[in-house]
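Here's a walk through one protein chain, from a few individual residues out to the whole thing. Have a look at the model first, and then we'll start with a single side chain.

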Amino acid sequence: MSSLFHNLTKAQKVQNYVFDNKPAIRTDFLFSDGTADFRKPTEPMPGDDVMIRFRAAKRNLDHVYLICDGERYDMEVAESDPTFDYYEATLACIGDEKLEYYFEVLSGNARCYYNRIGTQIELNPNYNFEIVPGFKTPDWAKGAVIYQIYIDRFCNGDMENDVLDNEYCYIGEPVKHIKDWDAYPNTMDVRNFYGGDLQGILNKLDYLQDLGVEVLYLNPIFVSPSNHKYDTQDYDYVDPHIGRIVKDGGECLAEGDHVNKHATRYINRVVNKENLEASNELFRCLAEEVHRRGMRIVLDGVFNHCGSFNKWLDRELIYENQEGFEEGAYPQKDSPYHKFFKFYDENAWPYNESYDGWWGHDTLPKLNYEESEELYQYILDVGKKWVSPPYNVDGWRLDVAADLGHSEEFNHKFWRDFRNSVKEANPDAIILAEHYGDPYNWLQGDQWDTVMNYDAFMEPITWFLTGMEKHSDEFRGDLLGNPDAFMGSLKHYMTRFHQQSLEVAMNELSNHDHSRFLTRTNRTIGRTHTMGSEAANQNVNKGVLREAVVFQMTWPGAPTIYYGDEAGLCGWTDPDNRRTFPWSHEDRDLILFHRDIIRIHKENEVLKRGSVMFLYGAYKVVAYGRFNRRDKIVVVLNNNYEEVEIPLQVDKIGLQEGDVLRQLILSKEDFYEMEPKRYKVQTGLLKIKMPPISAIVLKKED
């Protein structure tokens, strides 16, 4: 990791390129990207003319050439302002194939190149700009403020649907209803239920709307025996335990009985069609109300694997002999779902336990798409069903999406078909994937729109501000406050996205799979079973969290808040990160801070669709600009425990001598303020004194 950062930042430290000791090329003024100021249209279709622009210091260059797929275009100065010349060339009537381009820059005998990683004396073609004709991501999602809800832990709005003690058995032990809403999750948390549900979300929509949330992302909602619901039991229905139970009855398991065939209360609740239809209807009402408020809703799709309770497998035998359900593949070899799963022993029926489980987990049977066209089509239809009337959800987050299938080739085929199916039903639906590592091959306009942004967001900001790994499993002092590592990582990994994917990338600080960001600020390695839950609350620094949130709300992408982060929730990694929302004892100051910084994000389109450029980097300090031809915003983070004065060269984002910038927000270690303090550009610099553990957002006044 460190060597990657070192090599990248070394390559980018090309200062003003000189020839015969005379300044020739102002490399710090060279700029282009995929935003509307530099490419029109930003998401071209086959047959479109595409205008490409390149920016340079005024009267600094002799020639700029656009090199596109081997063709060389002599760019002309189309426009100038007091600081820059804007060179322009047009690609006429592009086809449907991906185009690759970069710029060649000349002044006298000096020559350099420019692509997505910046200025280079020797071109690295791995970072060239690309155009993918026909690739569009939903405009509503670009820079949208998303709120992730782990449903069981958000709000209990309906006590009648709560999971009961001993209602059924899960992974060898009876499930349990936790009576104390504020109790910490224990180390084996998956069978413990607190009672959060869809009605609870409905009850809190005013809160979420006041916070500024634009999109709800719900962890899985479909029938499932776990509280996380990543082991789907029935893709066609919302789980009545988070929906509605209108027909109740039957018995919970007797003490010592672990046979779910005897769990008649559970079977009635999740098999009875009246409960299932009522739960779907409640979700329809939720989606309708969300849309009525001008908000969006995204569901979690778990299509790589299902659960051992799944009606197609039926390892628990709860669907056996139930009216309206076929025999499962576990009890019966001649089940219509036999090929939905891969069985290793074809002679082990009845009750064949030799099926393929994801990562060997028999509770998570892997779906066998290659051998079942019926399964393949069924899941495509599921993808289509929920984005269509009457539910009209606005997209899917895809769990472990790169794992689906048994080969990468098949994986890509499936997601192409899935995209076609979903977009045919709802062209404005988003498809975003959970993915660790390079997403480039899936982000070519024919599969995913974007990903949960670990590499180009969560990890770099976590290392820089806390020195912690995202699970709180490791501390790296060499990455804490390291500006070269931070900037180099962001610059590199952002090039694995096209602009339209970057602008909708899910930028999270925390989620259900990693420690809470506030806990990471204590720089302590730990998990629940090693340190205990209370240790996750100790020695945390809310000022560092506020720095991170300022970064989140001013960086390209869709800022995504994990429920409760805005209210001061702490927690180690799974399961401690799944604590309940602290209703009635929230951190009100943090909530108000989130509300105000979200408002700043939403009011400034440049923070959603504008260009970005680093302005400064030093130990524990970084500054960058967000800009377009109309607006200029400067953001500075100071993670030191002492005041620092920072001289920023801001002319390279278009700020000029005498320009005045107004403070939109200043966060400090113990509080934040929104006084409209003003700063003036003098002698080409913007000088700012930053308090300890602080972040500031400044905007140029008209």
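## An arginine with plenty of company

Let's begin with R419. Leaving aside neighbours within four places in sequence, R419 is in contact with F135, K136, E424, I431, G445, D446, Q447, W448 and D449. Keep in mind that what you're looking at is a predicted model.

Where does R419 sit? You'll find R419 in helix α7, which covers residues 408-425. And is R419 buried or exposed? Its relative accessible area is 7%, so R419 counts as buried, the cut-off being under 20%.

## A threonine in a short strand

Next, move to T450, which lies in strand β24, made of residues 450-451. T450 has a relative accessibility of 0%, so it counts as buried. Setting aside residues up to four places away in sequence, T450 touches I430, I431, L432, A433, L443, F497, S501, V504 and A505. I431 may ring a bell, as I431 is also one of the residues in contact with R419.

How far apart are the C-alpha atoms of T450 and Q500? They're separated by 8.5 Å, with their positions 50 residues apart along the chain.

## A helix residue and a loop residue

I591 is in helix α14, which runs over residues 588-603. At 4% relative accessibility, I591 counts as buried. Apart from residues up to four places away in sequence, I591 touches Y207, L211, E566, A567 and E586. The C-alpha atoms of I591 and D565 are 8.9 Å apart, while the two residues are 26 apart along the chain.

T683 gives another picture. T683 is in the loop between β33 (678-680) and β34 (685-690). With a relative accessible area of 67%, T683 is exposed, because the cut-off for that is over 50%. T683 and Q656 are 27 residues apart in sequence, and 9.4 Å apart in space from C-alpha to C-alpha.

## Rings that pair up

If you like aromatic side chains, there's a lot to click on: the structure holds 60 aromatic pairs. One of them is made by F614 and Y624, which meet edge-to-face, at 6.3 Å centre to centre and with 80 degrees between the planes. F614 belongs to strand β27 (residues 611-618) and Y624 to strand β28 (residues 621-627), so the pair links parts of the chain 10 residues apart. Both F614 and Y624 are buried.

## Some backbone oddities

Most peptide bonds are trans, and most residues other than glycine have a negative phi. Which residues are joined by cis bonds here? One such bond joins K40 and P41, with omega at about -10 degrees. P41 is in the loop between β3 (39-40) and β4 (50-57). Another cis bond goes from P389 to P390, and its omega is near 5 degrees. P390 lies in the loop between α6 (373-387) and β22 (395-398).

Then there are positive phi values. N166 isn't a glycine, yet its phi is near 65 degrees. N166 is located in the loop between β13 (146-149) and β14 (169-170), and at 23% relative accessibility N166 counts as partly exposed. S472 isn't a glycine either, and its phi is positive at about 60 degrees. S472 sits in the loop between α8 (454-466) and α9 (483-494). At 0% relative accessibility, S472 counts as buried.

## Zooming out to the whole chain

Now for the big picture. The chain has 15 helices and 35 strands. A compact globule of 702 residues would have a radius of gyration near 27 Å, and the chain agrees with that, at 27 Å. Along its principal axes, the C-alpha trace spans about 85 × 55 × 45 Å.

What share of the 702 residues is buried? The figure is 64%. Among contacts between residues at least 6 apart in sequence, 71% join residues at least 24 apart.

As for the outside, the chain exposes about 25,800 Å², with carbon and sulfur atoms supplying 46% of it. The chain also carries 78 positive and 115 negative charges, and the mean positions of these two sets are 6 Å apart.

Definitions and conventions
Residues numbered from 1 in each chain as written. Predicted model: local features only at pLDDT ≥ 70, side-chain atom pairs only at ≥ 80, totals over all residues. Heavy atoms only, no water. Helix = DSSP H or I, 4+ residues; strand = E, 2+ residues; numbered from the N terminus. Buried < 20%, exposed > 50% of the residue type's maximum accessible area, 1.4 Å probe, protein only. Contact = heavy atoms within 4.5 Å. Rg over C-alpha atoms; globule rule 2.2 N^0.38 Å. Areas by Shrake-Rupley, 256 points an atom, 1.4 Å probe, with all protein chains shown as cover. Lys, Arg positive; Asp, Glu negative; His and termini not counted. Charge placed at Lys NZ, Arg CZ, Asp CG, Glu CD. Phe/Tyr/Trp six-rings, centres within 6.5 Å; stacked < 30°, edge-to-face > 60°.
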